Amino acid sequence: MEMEISSVKMLYKHLIFCAVQRCRMADYLCRLTVKLTPFSRFGLPLVRISVSDTGVGSKLEDYQYLKYRNDPILANQWDGMLYLSTTSVSDSEIHNLNLNLKESNSAGTLTKLPSTAKNGAKFSGTEVSVSISKSLDDLLAEVTCFLQKMILLKVPKVVMELLVGGDDSLGSQIGSRILVIEGSSVYSPVESIKCLKLGLKDYVRKHQTRFSVGENLKVGTGVANSSGSSQGNSQVVEAVVIISEMSELVPSSCIREQDMKTEVLYFEDFVSCSIAQSSLDALTNINWKSYGLALRSIASHDGSVMLEWENVLPDFHIHIAIHCYHRQYPS
């Protein structure tokens, strides 16, 4: 199934998605690292985005079905080149490849480079990198926000890390700064819905700074299952709704129109992504009045969905997270 890459954001989200699924297929603790490295080429400032993981080895199918959209904005930011290094535990070497997604002929997109010997070492992992013409600060802000939402899920058996570093104009090394190291360092049999509930509560406490939430959170959860084509690999849809109450110390004049809206945090297979149309339709068709709520509108922009309410009390805020995933990611 082809997937058309239309923006830099879509590109790095897909690279992270693939890395998470490789970690999910492993039966051990994995590390997922995203590194942003500024450098220059022919006087042009660039940023190398590198996504690496210690999960099972990569399959070329993860990238060969990607399609480069013929778009002038994307063309000015990315040359369509993708660099891949991968190995499995059973491999005796690390396979190095280049993919040129701008080439229309699929047979000409793949270039195999000399492999690297593992000298008897037993490990697996993948590193995929691309070079982007974009502001490091803007890119760093985007990726940080994206990973912070992923951390909400407490992905089992995965520790995530965000690094930024490189060489300055004088050639001296700029020390890498660890910006994010979180995740579930040990696999736990705790149900995913409990992790989603705990993650959303943490997210509310960290990001809703204008609300004194404390333990005054009203939490509701729901789970739905559907049988998959593979035995034992059903698809699960989980939802958590939290209502937080504003402290009486906050004057009503501080309440913004934004506080009457709810951003829906949507995830698929443990990665933040654009909301599926089926989930959007489900939100629209909910009988909100039976819960004492009146939905004024639903707005969707750039993959984010905002619900606007008519009758929410000014000292309350509603938070919603939805996660759709397969119990076993197909290998």
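Is Asp 269 buried or exposed? In this predicted model, Asp 269 counts as buried, because its relative accessibility is 8% and the cut-off for burial is under 20%. The side chain of Asp 269 forms a salt bridge with Arg 24, with the closest N and O atoms 3.2 Å apart. Asp 269 sits in the loop between strand 13 and strand 14 (271–272), and Arg 24 sits in helix 1 (residues 8–25), so the salt bridge ties together parts that are 245 residues apart in sequence. Arg 24 is also buried, at a relative accessible area of 16%.

The overall fold can be summarised briefly. The protein chain contains 6 helices and 17 strands. It has 331 residues, of which 42% count as buried. The accessible surface amounts to about 17500 Å². Carbon and sulfur atoms account for 51% of that surface. Contacts over long sequence separations were also counted. Among contacts between residues at least 6 apart in sequence, 68% join residues at least 24 apart.

The count of salt bridges comes to 8. Among them is the pair of Glu 4 and Arg 69, whose side chains meet at 3.0 Å, N to O. Glu 4 belongs to strand 1 (residues 3–5), while Arg 69 lies in the loop between strand 4 (66–68) and helix 3 (72–77), so this pair ties together parts that are 65 residues apart in sequence. Glu 4 counts as partly exposed, at 32% relative accessibility. Arg 69 counts as partly exposed too, at 34%.

Another salt bridge joins the side chains of Lys 149 and Glu 263, at 3.1 Å, N to O. This pair links distant parts of the chain. Lys 149 lies in helix 4 (residues 136–151) and Glu 263 in strand 13, 114 residues apart. Lys 149 is buried, with a relative accessible area of 15%. Glu 263, by contrast, counts as partly exposed at 29% relative accessibility. The two fall into separate classes because 15% for Lys 149 is under the 20% cut-off, whereas partly exposed covers the range between 20% and 50%.

Glu 263 also takes part in strand pairing. Its bridge partner in strand 16 is Met 306. Strand 13 (residues 261–268) and strand 16 (residues 304–309) pair in the antiparallel sense over 4 bridges. Strand 16 pairs with strand 15 (residues 295–301) as well, again in the antiparallel sense, here over 6 bridges. In this second pairing, Leu 295 has Trp 309 of strand 16 as its bridge partner. Strand 15 and strand 16 form a hairpin with 2 residues between the strands. Within that hairpin, Asp 302 adopts a positive phi near 55 degrees. Strand 16 thus has strand 13 and strand 15 as pairing partners.

A further site was examined in strand 8. Ser 129 is found in this strand, which spans residues 125–132. Ser 129 is buried, with a relative accessible area of 13%. Neighbours within four places in sequence were left aside in listing its contacts. On that basis, Ser 129 is in contact with Arg 48, Ile 49 and Ser 50, and also with Met 81, Leu 82 and Tyr 83.

Note on methods:
Residues are numbered from 1 along each chain as its sequence is written. This is a predicted model: local features need pLDDT of at least 70, side-chain atom pairs count only at pLDDT 80 or more; totals for chains, interfaces and linings use all residues. Side-chain values use heavy atoms; hydrogens and water are left out. Two strands pair if DSSP finds at least two bridges between them. A salt bridge is a side-chain nitrogen of Lys or Arg within 4 Å of a carboxyl oxygen of Asp or Glu. Buried means under 20% relative accessible area, exposed over 50%, partly exposed in between (1.4 Å probe, protein chains only). Contact means heavy atoms within 4.5 Å. Accessible areas come from the Shrake-Rupley method with a 1.4 Å probe; for residues, only the protein chains shown count as cover.
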